[in-house]
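Please look over the structure below before reading on. The text then goes from the whole chain to a few local details.

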Amino acid sequence: SYTEALQACVEYNNDWYALIIESKAIADIKLAAAFIQAQRKIFGASSKDVNILDPVETADIGSWLKDGGYDRTFLVYHKDADTDFPEAAWIGTQLPEVPGSNTWAFKGGAGVQISRLTSSNTSALNAKNVNYFTRVAGVNMFQTGCTSEGEWIDTMIFIDWVQARIQEQVFYRLATRKKIPMTQPGALIIEAEIRSVLDQGVRNGGIAEAPPY
């Protein structure tokens with residue numbers, strides 16, 4: 001199963017962050033989403049299931065992911081999801097960006113055909129926190145840039161970046177000092193490492209300059 005395969009991947013080499021899978025089966029997407037939810041990673045999926053476009057349908061994969069609060073999974077509706085893999089194009093263009101410096105909304109995806117959607121379709125997709133690729137004012141772009149839970153994809157990535165960098169900085173300081181005393185000066189050493197990451201987060205654009213953190 002995908003659960004067993006992903007567990008084997010993590011145990012063999014956990015040095016990866018974003019996941020996409022070849023399968024578009026709803027059951028497989030559910031398994032992958034549940035696995036990634038317990039990791040500090042993200043999962044991009046896509047589906048051509050027309051039930052997602054039905055505003056009264058509640059058993060589709062978009063509704064299931066939203067109702068489950070999956071904030072580490074994002075779903076793209078696309079009529080050619082099986083062949084275009086829009087989630088792969090989206091991840092490929094956005095993940096190389098410095099966390100905090102970009103948003104995932106309004107971005108292009110080379111090789112992805114646009115979806116021609118009605119206003120009713122987009123309203124249903126927005127209500128279910130499902131992304132889509134369409135043309136606006138002559139520009140092909142992904143909308144809306146959110147996870148299934150409703151949080152922005154770039155926000156989740158930035159949160160993970162902050163956590164990972166703070167862990168690295170504090171660990172490095174602990175591992176390279178003969179002693180960090182349990183005193184106010186010792187606490188300031190650790191604080192300085194944390195602040196260095198947060199300051200970089202401000203420079204990246206992920207933390208507001210004012211009011212200061």
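What follows describes the overall make-up of the chain, then its strands, then one buried acidic residue.

This is a predicted model. The protein chain contains eight helices and five strands, and their order along the sequence is α-β-α-β-α-β-α-α-α-β-β-α-α. Along the principal axes, the C-alpha atoms fill a box of roughly 60 × 40 × 30 Å. Of the 213 residues, 41% are buried. Among contacts between residues at least 6 apart in sequence, 62% join residues at least 24 apart.

The outside of the chain can be described by its area and its charges. The protein chain exposes about 11,300 Å², and carbon and sulfur atoms supply 55% of that area. There are 19 positive and 25 negative side chains, with the centres of the two sets 7 Å apart.

Strand 4 (residues 131-136) pairs with strand 3 (residues 73-77) in parallel through two bridges; here Tyr77 stands opposite Tyr132 of strand 4. Strand 4 is also joined to strand 5 (residues 139-143), this time antiparallel and by five bridges. In that pairing Val136 stands opposite Val139 of strand 5. Strands 4 and 5 form a hairpin with two residues between them. Ala137, in the turn, has a positive phi of about 50°.

Further along, Asp154 lies in helix 7, which covers residues 153-176. What charged partner does buried Asp154 have? It has no salt bridge: the nearest side chain of opposite charge is Lys107, 7.7 Å away, whereas a salt bridge requires a distance within 4 Å. Leaving aside residues up to four places away in sequence, Asp154 touches Asn102, Thr103 and Trp104.

Conventions. Residues numbered from 1 in each chain as written. Predicted model: local features only at pLDDT ≥ 70, side-chain atom pairs only at ≥ 80, totals over all residues. Heavy atoms only, no water. Pairing = 2+ DSSP bridges. Helix = DSSP H or I, 4+ residues; strand = E, 2+ residues; numbered from the N terminus. Buried < 20%, exposed > 50% of the residue type's maximum accessible area, 1.4 Å probe, protein only. Lys, Arg positive; Asp, Glu negative; His and termini not counted. Contact = heavy atoms within 4.5 Å. Areas by Shrake-Rupley, 256 points an atom, 1.4 Å probe, with all protein chains shown as cover. Charge placed at Lys NZ, Arg CZ, Asp CG, Glu CD.
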